[in-house]
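Trainee: Please take one part of this model and go through it closely. Start from a single residue and work outward.

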Amino acid sequence: MPFSTVASTVRSLITRSSSVARAAFLPPSSFSTSAKKPPIPTLSFSLTSASGAIRYTLFIKPKQMASQMSSESFKFGPYKIDGRGVFYTTKLSYAMVNLRPLVPGHVLVCPRREVKRFGDLTADETSDLWITAQKVGNQLESYHKASSLTLAIQDGPQAGQSVPHVHIHILPRKVGDFEKNDEIYDALDEKEKELKRKLDLDQERKDRSLEEMAQEAKEYKQLF
C-alpha cells in the first residue's frame, strides 16, 4: 500500500479526534536506528495490503501541548506571569518575553521553582537553566540576524537584581547597538528597577501591551 494512502487514511481518522492538533507521517525508513529513544508520544500500527503487512509509527503532538503555555501559570518571584508571554518551557525552566526589552529579542530565562539566588539552584536546575538559555539564545540570535549574545545574571540585590527570582537576561547583539559595550550593563540595571516598579504597581503597560508581548511570544514559539 503506498505510503501516501496510509497517511491520508490515518489523517482522516485522527483529525476527528479532539486530542490531536498535528501529526507527522513518516515512513519507517526515515527513522534513525541509532537514536537512543523515539520521540513521544507515539502510536505504532500495521496495515495489510495484497503485498503484506507494513508497519508504521505515527508521531502525535497532543492539542494540549500547543495551548499548555498560554493556560499555565508561571511565577516570577512574588508575581504571577501571564502564560501568553511565555514561549518556551522545560520541566525545570521557562523563557518569557520582556516587558521593556533593551534590544530586539531581549528575553528572560527562569527556573520554574521560585529561587532567589543562583547558588540555591539544584544541579539539575542549574544545568537545565543554562541548556535552555543556550537553546533560546541560539534561536533568537539567528531570528534577529544578530552576530553575538549577551547573557547576564544579576545575582542578589547588590548585583542589581530587583525581582528575587533567578533569571538570565539574553540579548541578541549587533554592531553599534550600544556606543560602548559596557553601557549595556548600566541599562540592564535600570531595566531591572523599571520591571519591579511595573510589577509592583500592576499599572497599565505604556511601552508594550500584553497583546504585543503575546504576539512576540507566539512568533518565538515557532522557533522551537
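Mentor: Start with Met-96. Leaving aside neighbours within four places in sequence, Met-96 is in contact with Phe-76, Ile-81, Gly-85, Val-86, Phe-87, Val-107, Leu-108 and Cys-110. Contact means heavy atoms within 4.5 Å.

First, the ground rules. This is a predicted model, where local features need pLDDT of at least 70 and side-chain atom pairs count only at pLDDT 80 or more, while totals for chains, interfaces and linings use all residues. Residues are numbered from 1 along each chain as its sequence is written, and side-chain values use heavy atoms, with hydrogens and water left out.

Met-96 sits in strand E7. Helices (H or I, at least four residues) and strands (E, at least two) are DSSP runs, numbered from the N terminus. Met-96 is buried, at a relative accessible area of 5%. Buried means under 20% relative accessible area, exposed over 50%, and partly exposed in between, with a 1.4 Å probe and protein chains only. Tyr-220 is 124 residues away from Met-96 along the chain, yet their C-alpha atoms are separated by 9.6 Å.

Now the cores. A nonpolar core is a set of buried Ala, Val, Leu, Ile, Met, Phe, Trp, Tyr and Cys residues joined through side-chain atoms within 4.5 Å. The largest has 19 residues, and Phe-87, Val-107, Val-136 and Ile-170 touch the most other members. E6, E7, E8, H3, E10 and H5 each supply at least two of its residues. H3 gives the largest share, 4 residues. Apart from this core lies another, of 10 residues, including Tyr-79, Ile-81, Met-96 and Leu-108. So Met-96 belongs to that other core. Even so, Val-107 touches Met-96. Not counting residues up to four places away in sequence, Val-107 also touches Phe-87, Val-97, Val-136, Leu-140, Ile-168, His-169, Ile-170 and Tyr-220. In soluble globular proteins, nonpolar side chains tend to be buried together.

Next, helix H3, residues 123-143. It has 21 residues and reaches 30 Å from its first C-alpha to its last, close to the 30 Å expected at 1.5 Å a residue. The expected span is 1.5 Å times one less than the number of residues. Buried in H3 are Glu-125, Asp-128, Leu-129, Thr-132, Ala-133, Val-136, Gly-137 and Leu-140. They cover an arc of only 160 degrees around the axis, which puts them on the same side of H3. The arc is that of the directions from the helix axis to the C-beta atoms. An α-helix has 3.6 residues a turn, so residues three or four places apart point the same way. On the other side of H3, Ala-123, Asp-124, Ile-131, Gln-134 and Ser-142 are exposed. The buried residues of H3 pack against E6 (86-89), E7 (93-97), E8 (107-111), E9 (148-153), E10 (168-173) and helix H5 (210-221).

Past H3, look at Lys-145. It lies in the loop between H3 and E9. Its phi is positive, about 55 degrees, although Lys-145 is not a glycine. Lys-145 is exposed, with a relative accessible area of 71%.

H5 is the other helix here. It has 12 residues. Its buried residues are Leu-210, Met-213, Ala-214, Glu-216, Ala-217 and Tyr-220. They too cover an arc of only 160 degrees, which puts them on the same side of H5. Glu-211 and Lys-218 are exposed on the face turned away from that side. The buried residues of H5 pack against E6, E7, E8 and H3. Ala-214 has a distant partner in sequence: Gly-83 is 131 residues away, but 8.7 Å in space, C-alpha to C-alpha. Gly-83 is in the loop between E5 (79-81) and E6, and it is buried at 3%.

Finish at E10. 6 of the 6 residues of E10 are buried, so E10 is largely enclosed by the rest of the structure. Ile-168, Ile-170 and Pro-172 are buried on one side, and His-169, Leu-171 and Arg-173 on the other. E8 and E10 pair in the antiparallel sense over 3 bridges, where pairing requires at least two DSSP bridges. Val-109 stands opposite Ile-168. E9 and E10 also run antiparallel, joined by 6 bridges, and Leu-149 stands opposite Pro-172.
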